[in-house]
Amino acid sequence: MSDSADTEILDIADLDQEAWQDYAIEQGWSDGLPLVMPTEASVARMVAAAHGDNEGFAPISPRQVVPTMASLAANAVMAGARPEYFPAILAGLRGILTPGYNLHGSMATTHSCAPMVMVNGPLRLALNINCSSNCFGQGWRANASIGRAIQLILLNVGGGKPGVMDRSTQGSPAKYAFCFGENEEECPWPPFHVRRGFAPEDSVVTVMSGEAPHNINDHGSTSAEGLMTTFAHTIAQPGANTIYGKGPYMVVVGPEHAATFHRDGWGVDKLRDELWTRARVPLKNISDENLAMYIATGHRPTGDFLTIARGPEDIHIAMAGGPGKHSAFIPSFGGTAVVSTRVKLPSA
Amino acid sequence: MVGVVIATETFKPLVLAQAKARKVDPHLIVVKHPVGGLNAEELVERIDAAFAGFQQEMNA
Amino acid sequence: MRIVNPGFGLTPAGAEQATEDKVDWLNDPIVLFGNSKPNARELLEGVKAKLAGIRRTDNIDFIAKNSASQGAPPEMINDAAKKYRIALLALGD
């Protein structure tokens, strides 16, 4: 390997807080919010939190350069992350860099996708990752800075500058930070990571190139069947990217909806099967021109419907949130995968 | 093999940056944005521009 | 003051300058490579129709990757590279 044009350590003029923010924004390093200065000492503390993690990283698209642990740590520092968050950030990044995630496509697309980051296992509690009320929202340092650090890495190492390399038509608030934990403590089903073959004691980060959560409100249904009617019709959107970029989607069931499904005997497999057969877009909701385009690009109707996934295996069910009759649908970019990576905790 | 790329003006910076990352000097034809969503009459102008660009590559 | 450059990265090993061959623009086979986006095929076929006035077109073929959101499979690219000498690609939009 040879160095790219940059150098790892920059010797800059002494700057106060305001001057530092102006400097960082001029360099194109910011997401628009203030950044913590990545001093050598703060970056060293971050790197130390990944002690023993010697696995390399693939080049990051679209710039196609290989990050160093220090450049990744600098972004984590700038995002406001505590050092103990760093292994989770690295696990999320490794998932994003797997070929199936399709980082290049998800950065270059005009779609509004952002890296959705879900954390499972004991690390959620250790890091105080919010899995309950307002889990997709503000107020938790771990959620905010883990999600933000990953975004800053894609911006600064990956080169995904909005409007240049990141071609999203409208972007999304999820592009600031999109990290939450599964509410394993209230989940009636085995935790997401266990269903994917990890041990309960593993801490696992799952990523998907997804849209911001879409709310599924159902205060009236008192049965699994009733809830499924609402879920399926909320999810079956004629504007779904996954009609022609077939791929996965997530349904993050709120605990009260999950309790109703569970009480009526519906497990995760049942939910997936029902969504696969019922969350389909009726042709009457699609314009003739758009349908012609779908057919021309190989996406033919199934009966009177267009599917938004390739099969039940594309439908991923998790449980998060607090009290209330709300759940969430997280559509994906389409040409992406849901990737789960075990967190490498620092060696002693 | 020689590759000639057609991109809209909107995507030109992305294509050039990608080419730079891969150390490629692209033969690039730039047409007006967009291409998708145009009807047949509107598309004629893009075809003419792409053809003119290709002719330039042939004669370069 | 010294800070760590958050944009620092290393160029991957093996990222070498690509080279290209000389081609016969009037006779060599051309692949029109679509990106599966709307109107990409129409655009490329439109160029082919106009090329009929200045070169042979019986060896110009259209292919397209399977998905607008994903890269073309390597085998598709390799097959095209073996069969054709010139590629006209619809890439951006």
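Student: Which residue of E4(A) does A:Val117 stand opposite in this predicted model?

Tutor: The strands concerned are E3(A) and E4(A), which run parallel and are joined by three bridges. Strand E3 covers residues 114–120 of chain A and strand E4 covers residues 179–181. Opposite A:Val117 in E4(A) stands A:Cys179.

Student: Which strands stand at the edges of the sheet that has the order E4-E3-E5-E12?

Tutor: This is an open sheet of four strands in chain A, with mixed pairing. A strand with a single partner has one side left without a neighbour in the sheet, so the edges are taken by E4 and E12 (339–342) of chain A.

Student: What angle does the direction of helix H4 of chain A make with that of E5(A)?

Tutor: Within the sheet, neighbouring strands are turned by 25° against each other on average, direction ignored. Helix H4 (residues 86–96) packs on this sheet and touches E3, E5 (204–210) and E12 of chain A. The direction of H4 and that of E5(A) make an angle of about 45°.

Student: Is A:Met250 buried or exposed, and why?

Tutor: A:Met250 is found in strand E7 (residues 249–253) of chain A. Leaving aside neighbours within four places in sequence, A:Met250 has contacts that include A:Met116, A:Met208 and A:His316. Because 22 other C-beta atoms lie within 10 Å and the cut-off is 20 or more, A:Met250 is buried.

Student: How many residues of domain 2 of chain A are in contact with domain 1 of chain A?

Tutor: Chain A is divided into domain 1 (1–187) and domain 2 (212–331), and their C-alpha centres lie 30 Å apart. On the side of domain 1 that touches domain 2 there are nine nonpolar, six polar and two charged residues. The 17 residues of domain 1 in this contact meet residues of domain 2 numbering 13.

Student: Which element gives the largest share of the side of chain A that touches chain C?

Tutor: Here 44 residues of chain A are in contact with 20 residues of chain C. Elements giving two or more residues to this side of chain A include strand E2 (9–11), helix H3 (69–79) and helix H7 (141–156). The largest share, five residues, comes from H3(A).

Student: What is the bridge partner of A:Ile9 in E1(C)?

Tutor: Strand pairing also links chain A with chain C: three bridges join E2(A) to strand E1 (residues 2–4) of chain C. These two strands run antiparallel. The partner of A:Ile9 in E1(C) is C:Val4.

Student: Which residue does the cis peptide bond join to B:His33?

Tutor: In chain A, the peptide bond from A:Ser61 to A:Pro62 is cis, and A:Pro62 is found in the loop between H2 and H3. In chain B, the cis bond from B:His33 has an omega of about -5° and leads into the loop between strand E2 (27–31) and helix H2 (40–59). The residue joined to B:His33 is B:Pro34.

Student: Is A:Asn102 buried or exposed, and why?

Tutor: Most residues other than glycine have a negative phi. A:Asn102, in the loop between H4 and H5 of chain A, has a positive phi of about 65°. With 26 other C-beta atoms within 10 Å, against a cut-off of 20 or more, A:Asn102 is therefore buried.

Student: How does A:Asn134 count, and why?

Tutor: A:Asn134 lies in the loop between helix H6 (123–126) and H7 of chain A, and its phi is near 65°. Because 13 C-beta neighbours lie inside 10 Å, A:Asn134 counts as partly exposed.

Conventions
Residues are numbered from 1 along each chain as its sequence is written. Chains are lettered from A and ligands numbered from 1 in the order in which they are written. This is a predicted model: local features need pLDDT of at least 70, side-chain atom pairs count only at pLDDT 80 or more; totals for chains, interfaces and linings use all residues. A residue is buried if 20 or more other C-beta atoms lie within 10 Å of its own, exposed if 12 or fewer, and partly exposed in between; C-beta atoms are placed from the backbone. Two residues are in contact if their C-beta atoms, placed from the backbone, lie within 7 Å. Two strands pair if DSSP finds at least two bridges between them. Domain bounds come from an automatic or database domain assignment. Ala, Val, Leu, Ile, Met, Phe, Trp, Tyr, Cys and Pro count as nonpolar, Asp, Glu, Lys and Arg as charged, and the others, Gly among them, as polar. Axes are lines fitted to C-alpha atoms, for helices over the stretch in contact, and angles run from 0 to 180 degrees between N-to-C directions.
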